[in-house]
Amino acid sequence: MASADLKENLICSICLDVCTDPIVLSCGHNFCWACIPNVLDTQEGSGISTCPDCRADIQEYPALERGHSLCDRTDILCAYCIHSPVPAVIACLHCKAYLCENHLGVHNKSEEHVLPEPNVLCCKKKIVMNNSLGDATCVSVACSLSEEHEAPQGEKLNKASEERGKKLRNVLAKLSAKREETEERVQSLQERRREVQEKAAIVTERVAGLFTDTRAQLDDLEKRVLSNISRQEEQISLSFSDLIRQLEIKKDELCRKMSLIEELCNMTDPMTIFQGWKSVKDDFAETERGRNKDTELNAIKGLDEGLISVTLHTALSSIVTCVKRGFYVQQAPDIVLNENTASNDICLSDDLKSATGSAINQNRPNTAERFQYTQVVSSRSFSSGHYYWELETCETGHWRVGVSYPSIARKGYHSVIGYNTKSWGLCRYFNLYFVIHDRKVIPVLQKPLCQRLGIYLDYDAGHLCFYELCHPIRHLHTFTATFIEPLHLALSVYAGWVRISS
């Protein structure tokens, strides 16, 4: 109730807003300096002037004088000091509540209320007021309305406003620059996303076409192989049918001869038996000679599985070659390790495909190519194109695999794979994977699941990828670099073994 009464004291009932240059009539009501004269002028013709609020008579036209400012008045009390009234020093511009110095700080904590900051004094009335403009000789709202400050104060206000405007423009410029930078990053990401989408569409089309062609080739191969099997089966079946037919004829002839012999056995005439015996004897001899012919007929060749196997192997190899060619993957032919580079604590297999860590000194000659630490590189290098290798490793162990430039150091700790700028490697330390380059070690989240690895090199694009060939195949890491020298396959085995798959 007190707050409502206080608000009414400084509300002009004519414009319904806080009084501007308040005028106090004899009845005590406040009105704006610009509002009340218009009302009194309209009443002048009747000879009676009344207050627009209480209708109290004003016997004569009053001399309009500006009322006292808030800092001079003691009848305006703080809305929150109910038990012990305290004069207000300022009014909230949001809720129109009047506040003393004690309640000013609490009320000012709300962001929506516009109030002076504490501990700043009006230069005339020494009351708390707003210092948001940074002027040391600040003016309270009430004092500014009463025009008790001199004109230069406005000049200071303008100067402070200009300075604050410059700061705001600087902030705006910085925000604008950050916005432009953010927009550029968004555009860059969108462009990158479009590139990935376009690349994915191209690769999808290539893969789909590759599978379509592969299926067509496999379908054709299936038809050819099945036709070959069917043709062989038909030829063999005809051979058997011919043989069966011949044997059926022979069987009938044997039955006829058996009947003739039975008849001879039942005869009693010696001459007839003698003549019949001679005929039977000749036929029997002919039958015995025919056994060689039966042997030839029985030597019918079975299904030629060798021909089918060769056909499948040749055709499937051709299809696989086409698949590799479709994605430009060149499997390095017969890649072997260079024994001249092998350190003395690494043992190589006879075919130079395997490397095993060894505690026995191999006593190899000391040459400029030979590594000091347990390490070896391939004889062949690669300076363009796409290549793929497969490696087999021991179930547990400590080794590194990767690629290196031929100019890699041969001695010192910085000659180890990954501990320089001239090599890139994947390391397995017992049950953990790491990737290493330029002495930066990055753990791989996936733990080892199998003993087969795939290494894919795209020299021109600068990609070196490591895969674990389990089911499904897992991507371990991809290095991206600009290769400036030929690359050798590099192996380093501390414990266990690593083998290049054929």
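**Entry 1: cysteines**

I looked up Cys35 and found that its sulfur is 4.1 Å from the closest cysteine sulfur, in Cys15, which is too far for a bond. I recall that a disulfide is a covalent bond between the sulfur atoms of two cysteines. The cut-off I needed here is that the two sulfur atoms must be within 2.5 Å. I note that the model is a predicted one. I then searched the whole structure and found zero disulfides. I also asked whether Cys35 is buried or exposed. Cys35 is buried, with a relative accessible area of 16%. I looked up Cys465 as well, and it is buried, at a relative accessible area of 8%.

**Entry 2: the chain as a whole**

I recorded seven helices and 21 strands in the chain. The chain has 502 residues, and I found that buried residues make up 32% of them. The exposed area of the chain is about 31400 Å², of which carbon and sulfur atoms supply 55%. I next considered contacts in the chain with a separation of 6 or more, and 54% of these are accounted for by residues 24 or more positions apart.

**Entry 3: Ser492**

I located Ser492 in strand β20, which covers residues 487-495. Its relative accessibility is 0%, so I counted Ser492 as buried. Which residues is Ser492 in contact with, leaving aside its neighbours within four places in sequence? I listed Thr374, Gln375, Trp399, Arg400 and Ile417. I took Thr374 from this list for a further look. Ser492 and Thr374 are 118 residues apart along the chain, yet their C-alpha atoms are separated by 5.7 Å.

**Entry 4: helix α2**

I turned to helix α2, residues 36-43, and asked which of its residues are buried. They are Ile36, Pro37, Leu40 and Gln43. These residues cover an arc of only 125° around the axis, and therefore they lie on the same side of α2. I then inspected the other side of α2, where Asn38 and Thr42 are exposed.

**Entry 5: a surface patch**

I looked up a nonpolar surface patch of about 210 Å² and asked which residues make it. The patch is made by Leu218, Leu312 and Leu316. I placed Leu218 in helix α5, which covers residues 152-266. Leu218 is partly exposed, with a relative accessible area of 36%. A residue needs over 30% relative accessible area to be part of a patch, so I could see that Leu218 meets this cut-off.

Technical notes
Residues numbered from 1 in each chain as written. Predicted model: local features only at pLDDT ≥ 70, side-chain atom pairs only at ≥ 80, totals over all residues. Heavy atoms only, no water. Buried < 20%, exposed > 50% of the residue type's maximum accessible area, 1.4 Å probe, protein only. Helix = DSSP H or I, 4+ residues; strand = E, 2+ residues; numbered from the N terminus. Arc of directions from axis to C-beta. Patch = residues over 30% accessible without salt bridge, like charges linked within 9 Å, V, L, I, M, F, W, Y side chains within 5 Å. Areas by Shrake-Rupley, 256 points an atom, 1.4 Å probe, with all protein chains shown as cover. Salt bridge = Lys/Arg side-chain N within 4 Å of Asp/Glu carboxyl O. Contact = heavy atoms within 4.5 Å.
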